[in-house]
Amino acid sequence: MADEEYSKVLKKFHKLSDRHILVVETDMSYSDVIKVVALSDKIRKAGNELVGLMKKNHDQLMRTKKYRKLRELYGGTEDKDKRKDLARQLNEMQAEYNVTWDFCRISMIPIGKKYGIDAIFALTKAEDVWRGIEKCLYGNGKSIHFSQYGELPCIRAKQINRGIPISVKDNKIRFKLGKTVFGLQLNDRFQQDEANAVLSYLTKPEIIDAKAVNILLEEAICIDTYRPCYATLVPKIIRGKYRVYLHLTIEGKAKPQYDKFGNPRHKYGKGIIGADIGTQTVAYTSDTEVGLKNLSERGNSIQKSEHLERLYYRAMDRSRRTTNPQNYNPDGTVKKGRKTWKYSNHYKKIKAKHSELCRINAVNRQLAINEDTNHLRSLGDVFVTEPKNAGKLMKRAKVTTINSKGKFNRKKRFGKSIKNRCPSGFQATIEKKFKSSGGTYIEVPQNYRASQYDHTADDYIKKKLSDRMYKLTDGTLVQRDWYSSYILYCYDYRTQGIDKNKCITEFDKHYNKEKALITWIKVNKIKVLNSGIKVA
């Protein structure tokens with residue numbers, strides 16, 4: 001094979017292959033950790049300067065009537081030639097107002113030199129800023145935001161031989177940042193297996209790349225090479241001290257995990273799973289098990305932690321108001337305009353406790369999501385659910401309404417629930433898990449309406465949101481979320497609708513499991529949020 005053709009096929013392989021990230025803490029000394037934190041803060045300041053420049057240009061562009069009209073016309077036409085012409089005009093206006101990737105990249109060069117940042121780190125930060133601008137131009141973004149003081153952005157170089165180069169010394173992986181050379185703290189078998197796979201690639205990269213190219217050409221399969229693509233340093237504050245983690249992006253699928261006895265840690269099941277994912281709970285039905293539980297919860301501690309988080313936040317607000325009375329109106333609202341804030345030592349202590357508690361809660365949420373995802377994957381390999389809608393539920397109501405007592409209804413919706421329970425994060429993790437492990441993830445069409453269908457009447461019956469326990473037309477009492485998951489379980493691949501025959505034949509078996517589940521919840525006094533199950 002010619003060198004040019006080999007390079008093209010290898011490039012194609014790199015694009016098609018899977019990637020995963022290995023997260024390991026570095027073995028840096030604390031003095032080196034402080035240097036990394038200082039560099040991270042410099043990148044934050046440089047990024048903010050670029051954000052200010054791009055934000056100004058973007059706002060000027062959006063203020064022009066011509067650009068807004070072109071966007072409206074582009075979204076309202078389906079003719080390909082017209083859309084092409086409108087897209088050309090939009091691009092010309094973006095270039096005129098300096099809202100382009102080239103301008104963003106070139107503008108970052110002097111800013112990076114001003115703060116003494118390596119060119120590769122400055123370029124990566126410029127890419128992050130431009131991604132935010134693209135979301136405003138082409139997505140649902142409204143404005144790009146500055147990074148606050150105290151935030152520590154990651155230090156990333158999207159080339160393995162620049163910024164944070166990798167090397168092998170004494171059969172160990174070593175990294176370099178400036179003059180600092182550091183390694184990894186490999187604490188478990190999974191991390192060690194990943195590191196060994198990367199070491200194996202680094203010792204003979206040409207042989208493994210050639211093997212990957214040959215298999216891609218002959219069998220159209222991408223093998224796991226475990227080539228290190230690039231490294232990212234992520235500084236964090238944990239229990240009041242700085243720590244630095246390395247996120248190594250690796251080509252291929254992650255190594256399997258094992259327990260202490262050498263058995264596979266995660267098992268993959270076969271069969272269909274129907275799941276109704278709410279704002280705070282998930283109900284599911286599979287061939288072997290039914291379930292109804294709170295999202296992102298490990299034990300009962302999460303509810304106490306959420307309550308304590310709110311108490312800390314209220315204490316911070318009281319302290320801030322006492323220290324800065326000049327910044328508030330008589331009715332308690334914050335004054336408009338530029339303000340100077342002073343913070344007491346008492347406030348700083350509470351804020352440190354609040355930040356640490358928020359970090360712990362975030363970690364627990366992610367661990368709980370991963371545990372629930374792995375359990376569901378062990379029940380089946382086909383996951384059927386409704387499309388994501390958490391983003392819509394977070395928005396405040398626009399119309400002001402008055403209830404029967406003559407009082408205004410609150411406009412707030414599910415923001416706090418979604419923040420604490422992360423339904424979208426859970427659904428995204430489920431999708432990624434099933435697809436990466438050889439399973440199937442299905443989102444039913446909008447007209448499926450699982451929560452409204454009644455199989456005993458073979459009709460769609462609209463229900464109130466407050467009706468958590470619902471009687472079917474034949475008098476059977478079912479928990480509404482579980483019944484929705486059962487209807488999703490009865491999904492028909494061919495029609496992409498409800499398999500009505502399966503609904504009738506399978507109902508009694510799963511209904512008995514649901515009754516046993518509700519009895520178990522009541523006996524163990526488990527509080528399932530918004531379920532309608534009363535626990536004494």
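Modeller: Quick definition before we start: buried is under 20% relative accessible area, exposed is over 50%, and partly exposed is in between, with a 1.4 Å probe and protein chains only. This is a predicted model, where local features need pLDDT of at least 70, side-chain atom pairs count only at pLDDT 80 or more, and totals for chains, interfaces and linings use all residues. Residues are numbered from 1 along each chain as its sequence is written, and side-chain values use heavy atoms, with hydrogens and water left out.

Colleague: OK, is Tyr491 buried or exposed?

Modeller: Its relative accessibility is 8%. The cut-off for buried is under 20%. So Tyr491 counts as buried.

Colleague: What kind of aromatic pair do Tyr483 and Phe507 form?

Modeller: Rings of Phe, Tyr and Trp (its six-membered ring) pair if their centres lie within 6.5 Å; planes under 30 degrees apart are stacked, over 60 edge-to-face, and the rest tilted. Here the centres are 6.4 Å apart and the planes sit at 80 degrees, so the Tyr483 and Phe507 pair is edge-to-face.

Colleague: And how many aromatic pairs does that rule give?

Modeller: Tyr483 with Phe507 is one such pair. Tyr491 with Tyr493 is also an aromatic pair, at 5.9 Å centre to centre. The count comes to 16.

Colleague: Which ring does the charged end of Arg449 sit over?

Modeller: The test is NZ of Lys or CZ of Arg within 6 Å of the ring centre and within 35 degrees of the ring normal. The charged end of Arg449 is 4.0 Å from the centre of the ring it sits over, that of Tyr460.
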